[in-house]
Amino acid sequence: MSTLTFRTATAADIPALVSLVTSAYRGEVSKQGWTTEADLLDGQRIDPDGLLRDIERPHSRVLIAERDGQMLACAHVAVEDGAGYFGMFSVRPDLQGGGVGKAVIAEAERVVREDWQQPAIRMSVIDVRDELIAFYERRGYARTGIKKPFPYGDERFGIPQARRSSLRSAGEGAVSENWTFVCALGEMLPGEMRTVFDEVTGTPILVMNYDGDFYALEDRCSHEDFELSSGNYDGDEATIECILHGAKFDIRDGRALCAPAYSPVPKFPVKQEHGGLWTRDDRG
Ligand code: FES
């Protein structure tokens, strides 16, 4: 799969942007993805005139993420009240959870930090969407405590990482000291992967099934701090490709196979016990 690229929108992109944003939030199509507001709200999600103003005004940029010339996602970034602003975050519903959204957030943060030298980035999220707020909190965002009247903001993408919920299916009282439960045996098929957080250190660990053997790497690209789990795991070649800049790693030992990454990704042990798969950050 080719790498995701970013560009700044122009007025000519407005029809396609309206269609993308609407598909991510409104109506039946949006229900394929988890950004949907179809059961919460109806009507217009984006105003073409407002979009044009956002495209044309200074310190405001509408980012478009594309692959092979196809618009997959977008977001609006700007400088407002002494900080970066992030909004209009939309990922094509059939691609949500595939890592595209995370790449868009990373690019938006880069623009705010590097191009505009802003110290922080802010967004507004509809407060009934607890899981969405939790998602951003996991990415390092914190609540400001400021509440605004509806409507404003709602950005959303991705899939929450697999946590201990599936522990129950591994059997009564299944525990393994200092190891982190991944999933019940048989729940991860060859070519599949899953991310968990080490119960002791909080390290994100990506566990992959390669032809019936299990391997675990830190879920962090060694090029920049970005989740490998957003990328493409090739279950035939035993490689994972970072979606952000295309670095590839051998999942069996974490070694970097191509630029722009040169350092390996830490490898962790995996064991099968109590009917489940377990891993841990063993760097002590
Ligand atoms: S962050 Fe992974 S290749 Fe750049």
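Mentor: Two strands pair if DSSP finds at least two bridges between them. Helices (H or I, at least four residues) and strands (E, at least two) are DSSP runs, numbered from the N terminus. This model is predicted: local features need pLDDT of at least 70, side-chain atom pairs count only at pLDDT 80 or more, and totals for chains, interfaces and linings use all residues. Residues are numbered from 1 along each chain as its sequence is written.

Trainee: How many helices and strands does the protein chain have?

Mentor: The protein chain has 5 helices and 15 strands.

Trainee: How do I read pairing, and what is the order in the sheet of 5 strands?

Mentor: Strands of a sheet pair through backbone hydrogen bonds, parallel or antiparallel. Here the order is 1-2-3-4-5, in an open sheet with mixed pairing. Strand 1 (5–8) and strand 5 (121–122) are the edges, each paired on one side only. Strand 5 and strand 4 (residues 83–91) run parallel, with 2 bridges. One pair to find is tyrosine 85 with its bridge partner arginine 122 in strand 5.

Trainee: Which helix lies across these strands?

Mentor: Helix 4 (residues 100–115) does. It crosses strand 1, strand 2 (60–67), strand 3 (70–80), strand 4 and strand 5. Its angle to strand 3 is about 30°. Axes are lines fitted to C-alpha atoms, for helices over the stretch in contact (C-beta atoms, placed from the backbone, within 7 Å). Angles run from 0 to 180 degrees between N-to-C directions.

Trainee: Now the sheet of 3 strands. What is its order?

Mentor: The order is 10-11-12, open and antiparallel. Strand 10 (232–234) and strand 12 (248–250) are its edge strands, each pairing on one side only. From one strand to the next, the twist averages 20°. Strand 10 joins strand 11 (residues 239–241) through 3 antiparallel bridges. Look at tyrosine 233: opposite stands isoleucine 240 in strand 11.

Trainee: Which strands pair with strand 15?

Mentor: Strand 6 (residues 180–184) pairs antiparallel with strand 15 over 4 bridges. There, phenylalanine 181 faces tryptophan 278. Strand 14 (residues 270–273) also runs antiparallel to strand 15, again with 4 bridges. Glutamine 272 has leucine 277 as bridge partner. The hairpin of strands 14 and 15 has 2 residues between the strands, and histidine 274 takes a positive phi near 50°.

Trainee: Are the residues of strand 15 buried or exposed?

Mentor: Buried means 20 or more other C-beta atoms within 10 Å of a residue's own; exposed means 12 or fewer, and partly exposed lies in between, with C-beta atoms placed from the backbone. Gly276 and Trp278 point one way from strand 15 (residues 276–279), Leu277 and Thr279 the other; all are buried. Across the 284 residues of the protein chain, 37% count as buried.

Technical notes. Two residues are in contact if their C-beta atoms, placed from the backbone, lie within 7 Å.
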